[in-house]
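Biologist: I'm new to this one. Could you show it to me and walk me through some of its side chains?

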Amino acid sequence: MMKKTDGAKRTRISGIVKLEDANNAGGKRAKECTLILTEGDSAKALAVSGLSVVGRDNYGVFPLRGKLLNVREATTDSILKNTEIQYIKQIMGLKHNVDYKSVESLRYGSLMIMTDQDHDGSHIKGLILNFLDHFYPSLLKIPGFLIEFITPIVKVWKGKQELTFYTMPQYEEWKEANNNGRGWESKYYKGLGTSTAADAKKYFSDLDKHKI
């Protein structure tokens with residue numbers, strides 16, 4: 001029954017409205033492609049802005065609607081009826097009950113999670129990990145398959161100097177060592193929705209700095 005929703009390695013797929021498919025997905029250079037799963041449409045818009053820097057050949061974007069189904073606690077019937085899980089299988093080219101030794105048979109060679117740096121974002125990351133670990137644990141053993149895209153929580157600047165912090169403890173430590181941040185202007189990012197297109201282009205122009 002689960003195999004009925006299997007994906008396949010093909011160059012074009014249709015019927016997934018909000019998918020921004022990479023040009024090389026499913027082709028000879030598929031393993032070089034990365035699918036960015038975003039937390040909603042606003043994060044998708046941010047990622048699409050970033051594609052103007054890195055190009056659309058090797059990067060695709062698909063927005064999740066809220067939190068992914070917890071597949072460990074779900075019935076087979078509810079998994080089969082879950083549109084987002086079906087879409088992820090189709091987009092990635094995933095097949096049920098396959099022990100993957102490489103990404104050669106997939107439409108994308110890696111999966112990047114792009115969510116807010118808050119509790120909800122962490123929960124979404126956890127549910128994606130849960131889905132992969134439950135159905136495709138072999139993929140998690142392949143180096144570089146799963147990537148997390150991280151964005152700053154706080155940015156501070158003074159004149160031409162600019163610093164970004166990815167955790168609050170990191171920021172608090174800097175403040176303590178720098179006169180409580182006096183003389184510096186700051187911006188708190190409550191979520192990806194507060195980042196601008198210019199921020200996105202900056203993130204993607206130095207993508208390795210934002211990947212873990």
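Biologist: Which helix holds both lysine 81 and aspartate 77?

Modeller: Keep in mind that this is a predicted model. Lysine 81 and aspartate 77 form a salt bridge, with their closest N and O atoms 3.1 Å apart. They are four residues apart, about one turn of the helix, and the helix they both lie in is α2 (residues 76-81).

Biologist: And is lysine 81 buried or exposed?

Modeller: Its partner, aspartate 77, has 41% relative accessibility and counts as partly exposed. For lysine 81 the relative accessible area is 61%. The cut-off for exposed is over 50%, so lysine 81 is exposed.

Biologist: How many salt bridges does the structure hold?

Modeller: Side chains of opposite charge can pair when their charged atoms come close. One such pair here is lysine 101 with aspartate 99, where the closest N and O atoms are 3.1 Å apart; lysine 101 is exposed, at 70% relative accessible area. There is also a network of salt bridges linking Glu20, Lys44 and Arg56. The total for the structure is 15.

Biologist: How many residues apart in sequence are the parts that aspartate 6 and lysine 89 tie together?

Modeller: The side chains of aspartate 6 and lysine 89 meet in a salt bridge, 3.2 Å from N to O. Aspartate 6 sits in the segment before β1 (34-39), while lysine 89 belongs to helix α3 (residues 83-92). So the pair ties together parts whose separation in sequence is 83 residues.

Biologist: Are aspartate 6 and lysine 89 buried or exposed?

Modeller: Buried means under 20% relative accessible area. Aspartate 6 has 18% relative accessibility, and lysine 89 has a relative accessible area of 2%. By that cut-off, aspartate 6 and lysine 89 are both buried.

Biologist: Let's turn to the backbone. What is the phi of asparagine 97, and where does the residue lie?

Modeller: Most residues other than glycine have a negative phi. Asparagine 97 is not a glycine, yet its phi is positive. The residue is exposed, with a relative accessible area of 66%. It lies in the loop between α3 and β3 (110-114), and its phi is about 65°.

Biologist: In which loop is asparagine 180 found?

Modeller: Asparagine 180 also has a positive phi, near 60°. At 47% relative accessibility it counts as partly exposed. The loop is the one between α6 (168-177) and β7 (185-188).

Biologist: Now the rings. Is the pair of phenylalanine 135 and tyrosine 136 stacked, edge-to-face or tilted?

Modeller: The structure holds 12 aromatic pairs. In this one the ring centres are 6.3 Å apart and the planes are at 55°. Phenylalanine 135 is buried at 16% relative accessible area, as is tyrosine 136 at 1%. Planes under 30 degrees apart would be stacked and over 60 edge-to-face, so this pair is tilted.

Biologist: Which residues do ring pairs link into a cluster?

Modeller: Take phenylalanine 165 and tryptophan 174, a tilted pair at 5.5 Å centre to centre with 45° between the planes. Phenylalanine 165 is buried at 6% relative accessibility, and tryptophan 174 is buried at 12%. The cluster is made of Phe165, Tyr171, Trp174, Trp184 and Tyr188.

Biologist: Which ring does the charged end of lysine 155 sit over?

Modeller: A charge sits over a ring if, among other things, it is within 6 Å of the ring centre. The charged end of lysine 155 is 5.6 Å from the centre of its ring. That ring belongs to tryptophan 157.

Key:
Residues are numbered from 1 along each chain as its sequence is written. This is a predicted model: local features need pLDDT of at least 70, side-chain atom pairs count only at pLDDT 80 or more; totals for chains, interfaces and linings use all residues. Side-chain values use heavy atoms; hydrogens and water are left out. A salt bridge is a side-chain nitrogen of Lys or Arg within 4 Å of a carboxyl oxygen of Asp or Glu. Helices (H or I, at least four residues) and strands (E, at least two) are DSSP runs, numbered from the N terminus. Buried means under 20% relative accessible area, exposed over 50%, partly exposed in between (1.4 Å probe, protein chains only). Rings of Phe, Tyr and Trp (its six-membered ring) pair if their centres lie within 6.5 Å; planes under 30 degrees apart count as stacked, over 60 as edge-to-face and the rest as tilted. A charge sits over a ring if NZ of Lys or CZ of Arg is within 6 Å of the ring centre and within 35 degrees of the ring normal.
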